[in-house]
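Let's take a friendly walk through a protein model, from its strands to its surface. Have a look at the sequence and the structure first, then read on.

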Amino acid sequence: MPVVVFDLESDSGDMSDDFRWMQITVGCCIVVDTALCLEVGKEAGKRALAAGTQYTFWRDVAPARNIDPFAKMLELFDDADAIVAYNGLYFDMGLLRRHYGRNEERYMRHRLKVLDTFDRIKGATNRWPKLDVLLSANGLPSKSGDGKKAIRLWEAQKRDELEAYCMDDVKLLLQLVILDDIHYPGVGVMPNSLGGLKSFLISRAITA
């Protein structure tokens, strides 16, 4: 079974708890063999990235009539050992909720697989760790923009640029969570057991 690292972009900058007025524009993910995700370090991240399979899903492009455009993404989640997202338990899974229909059990099953490094570090430090800050502090490339840029790209229908931006976030997140530990400026070193993918996979195997 694989690991799925994903990110979603939306058509609104409203970060309220009510997702009725916000929709996904595009979702990107990389599917990586779990064995590769049990390695740690920058070189391990590069190997996982090179071996991963990339997927892109658009809200207005469905495989067939009456098929939800994000149905395949949810199928990838079904088969995953772990699902990785950044602020995913709140934002990304909140956006995806409507695409589960009334299948609350499936939605909760997927949530229980989520490694949300943002949520874990925030819970431990009571701070809101920006992804770009963590990337820079750990010697990884910076993000190519922010959520506001993604909204502008969607409004201008610059789909190639929007897809590249979304997929770039997925690639960077994969490389971050596969590190042995994560340096957080002003706080210290976050051990792998806090936000790392290897520890998360091991804990799931023990409790499964």
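Is Asp 169 buried or exposed? Keep in mind that this is a predicted model. Asp 169 has a relative accessible area of 8%, and because buried means under 20%, Asp 169 counts as buried. You will find Asp 169 in helix α8. Leaving aside neighbours within four places in sequence, Asp 169 is in contact with Asp 7, Glu 9 and Lys 143. Its C-alpha atom is separated by 9.8 Å from that of Ala 85, although the two residues are 84 residues apart along the chain.

**Strands side by side**

Two of those contacts, Asp 7 and Glu 9, belong to strand β1, so let us turn to β1, where nine of nine residues are buried because each has under 20% relative accessible area. Both faces of this strand are covered. Pro 2, Val 4, Phe 6, Leu 8 and Ser 10 lie on one side, while Val 3, Val 5, Asp 7 and Glu 9 lie on the other.

Which way do the partners of β1 run? With β2, strand β1 pairs in the antiparallel sense over nine bridges. With β4, β1 pairs in the parallel sense over three bridges. Strand β4 is also joined to β5 by three bridges, and these two strands run parallel. The table lists some residues that stand opposite each other.

| Residue | Partner | Strand of the partner |
|---|---|---|
| Val 3 | Ala 82 | β4 |
| Val 4 | Ile 83 | β4 |
| Val 5 | Ile 30 | β2 |
| Ile 83 | Val 114 | β5 |

Strand β4 covers residues 82-85. Ala 82 and Val 84 point one way from it, and Ile 83 and Ala 85 point the other way. All of these residues are buried.

**Nonpolar cores**

In soluble globular proteins, nonpolar side chains tend to be buried together. Here, the largest nonpolar core has 41 residues. Val 3, Val 5, Val 84, Leu 134, Leu 162, Leu 176 and Leu 197 touch the most other members. Helix α8 gives the most to this core, with ten residues. Apart from this core lies another one of 24 residues, among them Val 4, Phe 6, Phe 57 and Met 73.

Try clicking on Val 84 in the structure. What does Val 84 touch? Not counting residues up to four places away in sequence, its contacts are Val 3, Val 4, Val 5, Phe 6, Leu 115, Leu 173, Val 177 and Leu 197.

**One buried residue, one partly exposed**

Next, find Thr 25 in strand β2. Why does Thr 25 count as buried? Its relative accessibility is 0%, so it counts as buried. Beyond its neighbours within four places in sequence, Thr 25 is in contact with Glu 9, Ser 10, Asp 11, Phe 57, Trp 58, Arg 59, Trp 154 and Leu 162.

Leu 38 gives another picture. Its place is in the loop between β2 and α1. Leu 38 counts as partly exposed because its relative accessibility is 36%. Together with Ile 202 and Ile 206, Leu 38 forms a nonpolar patch on the surface. The accessible area of these residues together is about 280 Å².

Technical notes. Residues are numbered from 1 along each chain as its sequence is written. This is a predicted model: local features need pLDDT of at least 70, side-chain atom pairs count only at pLDDT 80 or more; totals for chains, interfaces and linings use all residues. Side-chain values use heavy atoms; hydrogens and water are left out. Buried means under 20% relative accessible area, exposed over 50%, partly exposed in between (1.4 Å probe, protein chains only). Helices (H or I, at least four residues) and strands (E, at least two) are DSSP runs, numbered from the N terminus. Two strands pair if DSSP finds at least two bridges between them. A nonpolar core is a set of buried Ala, Val, Leu, Ile, Met, Phe, Trp, Tyr and Cys residues joined through side-chain atoms within 4.5 Å. Contact means heavy atoms within 4.5 Å. Patches are made of residues with over 30% relative accessible area and no salt bridge: like charges are joined within 9 Å, nonpolar side chains (Val, Leu, Ile, Met, Phe, Trp, Tyr) within 5 Å. Accessible areas come from the Shrake-Rupley method with a 1.4 Å probe; for residues, only the protein chains shown count as cover. A salt bridge is a side-chain nitrogen of Lys or Arg within 4 Å of a carboxyl oxygen of Asp or Glu.
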